[in-house]
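Here's a quick briefing to read alongside the model. Have the viewer open and follow the topics one at a time.

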Amino acid sequence: MPEGPEIRRAADRIEQQIGGQVIEDAWFAFPELAEQASSLVGVQVARVDTRGKAMLIRFADQRVLYSHNQLYGVWKLHREDKPPATKRSLRVRLTAEGRCASLYSASDVSLWHEDNLSEHPFLARLGPDLLSQGITPHQVLQRLRLKQFQRRRLGALLLDQSLVAGLGNYLRSEILFFAGLHPQQRPIDLTDSQMGHLAECIVTITQQAYQQAGVTNTPAWIEQAIQAGEARRQWRFTVFERAGLECHRCGAVIERKMVGSRRLYLCPRCQPA
């Protein structure tokens, strides 16, 4: 499933495609939305936003198109006269100035008004978005210190979207590695220095993944990994997808564990239990 950085980058592309433009045609596969399609014609796309892994296309009339890609959804951008060649099922198509943003395969799509968007059952559970809301390490630190998170093990907590929105499986492994923390540790177990460093890593690693298209590794370690023959799916990360390979920092063998039914990768020496 795409994580916050991937959804934010998709939002940027959609904004470049139809942002600021007036909708000329709208099409929805879902009957409850199809009857509202014509009412979007002539309405300007104000901006394209994200909350965690959800996409929010905001219109000038205060309506918001919510979508969540889940496992299989994908947005494709194309000219109106050149739809993409795909066997995926079309769910949404928005057209402006002859350019289209089309959503395929997603099933979680709905149209809301800005005034009641906070009532959306998924959005209502989310913490602040790391990429769309300008969240600082200090704000993340304050959330880590909240009572409901203090005794949660980090391996599970970092996937809890109520802490902060947008973290997923690869970011969890990478953040814990750079923070030097084991997934079984809890915020209450950490020193003030460790807590501050963790908050900093949550923000900076997520921002780097957004800016560098999913790359969380450092330039020196990337060069080292490429010279060792690692594929991109490995060299883009420090620990994720690198089980059985040597840690860039200390040379220990990277381990893979299952935490919360999801894969987690760590260095046993850099992240002692």
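What follows goes through two sheets, the helices around them, a histidine in a loop, and the cysteines.

This is a predicted model. One four-stranded open sheet runs in the order E1-E6-E7-E5, and another four-stranded open sheet goes E2-E3-E4-E8. Helix H1 lies across strands of the one sheet (E5, E6 and E7) and across E2 and E3 of the other.

**Sheet E1-E6-E7-E5**

- The pairing in this sheet is antiparallel.
- Strands E1 (25-28) and E5 (74-79) sit at the edges with a single partner strand each, so one side of each has no neighbour in the sheet.
- From one strand to the next, the twist averages 15 degrees.
- E1 pairs with E6 (residues 90-96) over four bridges, in the antiparallel sense.
- If you want a register marker, aspartate 25 is opposite threonine 95 in E6.

**Sheet E2-E3-E4-E8**

- Here too the pairing is antiparallel.
- The edge strands are E2 (45-51) and E8 (108-113); each has a single partner strand, so one side of each is left without a neighbour in the sheet.
- The twist averages 20 degrees from one strand to the next.
- E2 and E3 are joined antiparallel by six bridges, with valine 45 opposite phenylalanine 59 in E3.
- Two residues separate the strands in the E2/E3 hairpin, and glycine 52 has a positive phi there, near 65 degrees.
- E3 and E4 run antiparallel with five bridges between them, and leucine 56 faces tyrosine 66 in E4 as its opposite residue.
- The E3/E4 hairpin has three residues between its strands, and glutamine 62 takes a positive phi near 80 degrees.
- E4 (residues 63-68) is linked to E8 by six bridges, again antiparallel, and histidine 68 is opposite aspartate 108 in E8.

**Strand E3: how buried is it?**

- How many of the six residues of E3 are buried? Six of the six are, so E3 is largely enclosed by the rest of the structure.
- Both faces of E3 are covered, with Ala54, Leu56 and Arg58 buried on one side and Met55, Ile57 and Phe59 buried on the other.

**Helices H1 and H7**

- Helix H1 (residues 4-18) runs at about 145 degrees to E7 (99-104) where it lies across E5, E6 and E7.
- Relative to E2, H1 runs at about 175 degrees where it lies across E2 and E3 (54-59).
- Eleven of the eleven residues of H7 are buried, so this helix is largely enclosed by the rest of the structure.
- The buried residues of H7 include Arg172 and Glu174 as well as Leu171, Ile175, Leu176, Phe177 and Phe178.
- The cover over the buried residues of H7 includes helices H1, H6 (154-157), H8 and H9 (219-227), plus strands E9 (255-259) and E10 (262-266).
- Glycine 180 follows H7 and has a positive phi, near 70 degrees.

**Histidine 182**

- Where is histidine 182? Histidine 182 is in the loop between H7 (169-179) and H8 (192-211).
- Its relative accessibility is 10%, so histidine 182 counts as buried.
- The histidine 182 side chain reaches the backbone nitrogen of glutamine 184 at 3.0 Å.
- Leaving aside residues up to four places away in sequence, histidine 182 touches Leu154, Leu266, Gln271, Pro272 and Ala273.

**Cysteines and the annotated domain**

- There are zero disulfides in the structure.
- Why is there no bond between cysteine 250 and cysteine 267? The sulfur of cysteine 267 is the closest cysteine sulfur to that of cysteine 250, but at 3.5 Å the pair is too far for a bond, because a disulfide needs the two sulfur atoms within 2.5 Å.
- Cysteine 250 is partly exposed, with a relative accessible area of 25%.
- Cysteine 100, by contrast, has a relative accessibility of 1% and counts as buried.
- UniProt, in an unreviewed entry, places "domain: FPG-type" at residues 238-272.
- In the model, residues 238-272 are 0% helix and 29% strand, and the end C-alpha atoms of that span are 16 Å apart.

Notes: Residues numbered from 1 in each chain as written. Heavy atoms only, no water. Buried < 20%, exposed > 50% of the residue type's maximum accessible area, 1.4 Å probe, protein only. UniProt positions renumbered as here; feature names shortened; annotations may be inferred. Pairing = 2+ DSSP bridges. Axes fitted to C-alpha atoms, helices over the stretch in contact; angles between N-to-C directions. Contact = heavy atoms within 4.5 Å. Polar contact = N/O pair within 3.5 Å; in protein donor to acceptor, adjacent residues only side chain to side chain.
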